[in-house]
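Me: I would like a close look at a single part of the structure shown here, followed by an account of its surroundings. Please treat the matter in one connected answer.

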Amino acid sequence: MVKEQTFIAIKPESVQRQLIGELITRFERRGLKLVAAKLIAPTEELIGKHYPNDDAWLIPTGTNALKGHEAWGNKIDLTPRELATQIREGLIEYYSGRPMLAMIWEGAHAVELGRKTVGTTNPLTADLGSIRGDYSQESYSVADKLGRSMQTLVHASGSVEEAKCEIELWFKKEEILDYDLVISQIMHGTDWGKVKR
Ligand code: ADP
């Protein structure tokens, strides 16, 4: 069985909207296995580490956000690093002290499926059927007009490497459970369900 793991967090706006059960169902229906979960009100320090103040996070995030703003005709006179630095400050302010559900989900292609289930960053253009595409009126312009971080409902690791770092940051080893799901026989086994002769 492939044991890829991804870090998924149900963000504070979804906790407040009482969507936890519904959103967890999306990952369960994929057949992914929940191996760790905790409700946590993170400190500024933890969020600051989750969204690190380095170019590896700032440049792609800022570039992506600038493209999103441009596509909707919002003129932003900032470099990707400057915009991402502002976004990061907003994220630290927004997430610290507010309950969110941190989780680890495991399965084949867990990272890729996690992203696909959550949808692209801008909820306005995220595909229908994805969480961000189905549960939100949010967009770059809404976040910009309200002068706050864009509410994207759920976080999902962007790569296997990122997932490893995030899992290490949010969870202790002993909080992660190693167990089998009965349905894994169907998902990843071959000897099941034939009519007995
Ligand atoms: P994702 O959450 O899809 O991995 P990013 O890593 O690019 O996206 O951004 C992290 C989070 O920063 C987003 O989920 C969103 O909450 C916030 N964010 C991104 N771009 C903007 C923006 N232009 N304005 C406000 N908040 C933003």
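In which loop does glutamine 18 lie? Please begin there and then continue to the strands, the helices and the ligand.

Reply: The model is a predicted one. Glutamine 18 lies in the loop between α1 and α2, the latter formed by residues 20-29. The backbone of glutamine 18 has a positive phi of about 55°, although this residue is not a glycine. Glutamine 18 is also exposed, with a relative accessible area of 73%; the cut-off for that term is over 50%.

Positive phi values occur at other positions too. Histidine 109, found in the loop between β3 and α6, has a positive phi of about 55° and is likewise not a glycine. Glycine 97, just after α5, takes a positive phi of about 80°.

The loop that follows α2 may be taken next. Glycine 31 is found between α2 and β2. In sequence, glycine 31 and alanine 110 are 79 residues apart, yet their C-alpha atoms are 9.8 Å apart in space. When residues up to four places away in sequence are not counted, glycine 31 touches Ile183 and Met187.

From these loops the description passes to the strands. Strand β3 comprises residues 100-106, and 7 of its 7 residues are buried. Its side chains point in two directions: Met100, Ala102, Ile104 and Glu106 one way, and Leu101, Met103 and Trp105 the other, all of them buried. Strand β1, residues 5-10, is mostly covered as well, with 5 of its 6 residues buried.

β1 and β3 run antiparallel and are joined by 6 bridges. Within this pairing, threonine 6 has tryptophan 105 as its bridge partner in β3, while isoleucine 8 has methionine 103. β2 is also antiparallel to β3, with 7 bridges between the two; here alanine 37 stands opposite methionine 103. Methionine 103 of β3 is thus a partner of isoleucine 8 and stands opposite alanine 37. β1 has a further antiparallel pairing with β4, residues 154-156, through 3 bridges. In β4, the bridge partner of isoleucine 8 is alanine 156.

Two helices have elements of this strand arrangement among their covering. Helix α5 runs from residue 80 to residue 95 and has 16 residues. From its first C-alpha to its last it reaches 22 Å, close to the 22 Å expected at 1.5 Å a residue. Its buried residues are Leu83, Ala84, Arg88, Leu91, Ile92, Tyr94 and Tyr95. What covers these buried residues of α5 includes α1, α3, α4 and β3. The helix α1 that borders the loop of glutamine 18 is therefore one of the elements covering α5, where covering rests on heavy atoms within 4.5 Å.

Helix α9, residues 160-170, has Ala163, Glu166, Ile167 and Trp170 buried. These four residues are on the same side of α9, because they cover an arc of only 100° around the axis. The general geometry is consistent with such a pattern: an α-helix has 3.6 residues a turn, so residues three or four places apart point the same way. The face of α9 turned away from the buried side carries the exposed residues Glu161, Lys164, Cys165 and Glu168. The covering of the buried residues of α9 includes β1, β2, α3, β3, α6 and β4.

The ligand completes the account. It is surrounded by 17 residues, of which the closest are Arg115, Thr121, Arg132, Met150 and Thr152. For arginine 132, a polar side-chain atom lies 2.9 Å from an oxygen atom of the ligand. For methionine 150, a backbone N or O atom lies 2.6 Å from an oxygen atom of the ligand. Histidine 69 places a polar side-chain atom 3.2 Å from a nitrogen atom of the ligand.

Methionine 150 also leads to another loop residue. Asparagine 122, in the loop between α6 and α7, is in contact with Met150 as well as with Trp72, Glu138, Ser139 and Tyr140, leaving aside neighbours within four places in sequence. With a relative accessibility of 5%, asparagine 122 counts as buried, whereas glutamine 18, the starting point, is exposed at 73%.

Technical notes
Residues are numbered from 1 along each chain as its sequence is written. This is a predicted model: local features need pLDDT of at least 70, side-chain atom pairs count only at pLDDT 80 or more; totals for chains, interfaces and linings use all residues. Side-chain values use heavy atoms; hydrogens and water are left out. Buried means under 20% relative accessible area, exposed over 50%, partly exposed in between (1.4 Å probe, protein chains only). Two strands pair if DSSP finds at least two bridges between them. The expected span of a helix is 1.5 Å times one less than its number of residues. The arc is that of the directions from the helix axis to the C-beta atoms. A residue is near a molecule or strand if one of its heavy atoms lies within 4 Å of it. A polar contact is a pair of N or O atoms within 3.5 Å; within protein, one must be able to donate a hydrogen and the other to accept it, and residues adjacent in sequence count only if both atoms are side-chain atoms.
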